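Welcome! Let's take a friendly walk through this structure, one region at a time.

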Amino acid sequence: MSATPLTAAPPSARPTPAFRGRIGRDARSGHYAVPRRYRLYLAAADPGCLRVAVTHSLLGLDAVCPVTFLPAVPDCPDGGHSALRPLYEASAHHYTGPALAPLLGDDWSGRIVSSHGPDIARDLARRFGGGRAALYPCGAESQIEAVERMCAQGIEAAAQRAGAADADDDERAAALGTLLATLGVLESGMNAHAYLISDQITAADIELWVALVQLDTVHRHHLDAETVRRVAGHPALWSYARRLTAHPAFGAHLDQAAGAAAPALVRADPAADDIGARPQPTP
């Protein structure tokens, strides 16, 4: 499909990362690809962590880059994780911000490489993914970036605003219109390929699946029943989401996200009942 960002969508609310180091090609880059040098810190209930976790699983990197899974619910008042505080303090003098995941740490130095999920996922695929799944196919980067923007603006930010208690009626209506328009574009493109932009799983599928999981497990509970019915009225899109959920690299991490509400529309069992998930039988 041709994924283009919706110009009417609100800006992304994703937080600005505190660290954005990269893994380079060789020793001249400082951080370079060495098996078991790096460690991921992830909390599966966080969408940024979920994207990285699925990427890591699809690439089969358990033996190359170990993962430490954090509690689903952060244990610090600022939304951070106390277990990450020593890494943040070792990496930035007098650091006072929240100790957030996802995080790629360098076990050699005891410091942080990156807390920027998209960079981490790309570096895992490009520096450690040789011979494995081609999540960033040559020539597809612009399409993947367009899907990232569409999900951030047209699904995540729009759904959040559509269900926000402090938004007025016009704001909620505009956000809902953006959300439904985005879902409609995605629904119409579902028959073009087996997956979103290709006949194999790419990073675009990870991005969209996580956005749909968030829509189903978080934002859906802040929307009224009629809106939920309209969101659920995209059968090809939700069938696609369930198909990915049945893949171990996706569904296993959804099971780990114990802090999130139970999924309904992306549940692996497509026959499961939920409000608006499928037509109800006539009495």
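## A walk through the model

In this predicted model, let's start with two helices: the axes of α4 (residues 141-162) and α5 (residues 169-188) come within 8 Å and cross at roughly 145°. Two packed helices are described by exactly this pair of values, the angle between their axes and the distance between the axes. The crossing of α4 past α5 is left-handed. If you would like to find the meeting place on screen, look on the α4 side for residues including Met-150, Gln-153, Ile-155 and Ala-158. On the α5 side, the residues that meet α4 include Arg-172, Ala-175, Leu-179 and Leu-183.

Next, turn to the strands. Strand β1 (residues 38-42) pairs with β3 in the antiparallel sense, over four bridges. One place to look is Arg-39, whose bridge partner in β3 is Gly-105. β3 also pairs with β4, again in the antiparallel sense, this time over three bridges. Here Asp-106 has Arg-111 in β4 as its bridge partner. Together β3 and β4 form a hairpin with four residues between them. In the turn you will find Gly-110, which has a positive phi of about 75°.

Stay with β3 (residues 103-106) for a moment. In a regular strand the side chains alternate between the two faces of the sheet. In this strand, Leu-103 and Gly-105 point one way, while Leu-104 and Asp-106 point the other way. Which of these are buried? All of them are.

Follow the chain past β4 (111-114) and you reach Ser-115, in the loop that leads to α3 (117-128). Is Ser-115 buried or exposed? Its relative accessible area is 11%, which is under 20%, so Ser-115 counts as buried. The side chain of Ser-115 reaches the backbone nitrogen of Ala-18 at 3.2 Å. Leaving aside neighbours within four places in sequence, Ser-115 is in contact with Pro-17, Ala-18, Phe-19, Tyr-88, Pro-102, Leu-103 and Ile-120. Leu-103 is one you have already met, as part of β3.

Our last stop is the largest nonpolar core, which has 78 residues. Which members touch the most others? They are Leu-208, Trp-209 and Leu-212. Helix α6 (residues 203-217) supplies the largest share of this core, 10 residues. To see how Trp-209 is surrounded, again set aside neighbours within four places in sequence: its contacts are Leu-50, Val-54, Ala-241, Leu-244, Thr-245, Phe-250 and Leu-254.

Note on methods: Residues numbered from 1 in each chain as written. Predicted model: local features only at pLDDT ≥ 70, side-chain atom pairs only at ≥ 80, totals over all residues. Heavy atoms only, no water. Buried < 20%, exposed > 50% of the residue type's maximum accessible area, 1.4 Å probe, protein only. Polar contact = N/O pair within 3.5 Å; in protein donor to acceptor, adjacent residues only side chain to side chain. Contact = heavy atoms within 4.5 Å. Core = buried A, V, L, I, M, F, W, Y, C linked by side-chain atoms within 4.5 Å. Pairing = 2+ DSSP bridges. Axes fitted to C-alpha atoms, helices over the stretch in contact; angles between N-to-C directions. Left-handed = near helix turned anticlockwise from the far one by under 90°.
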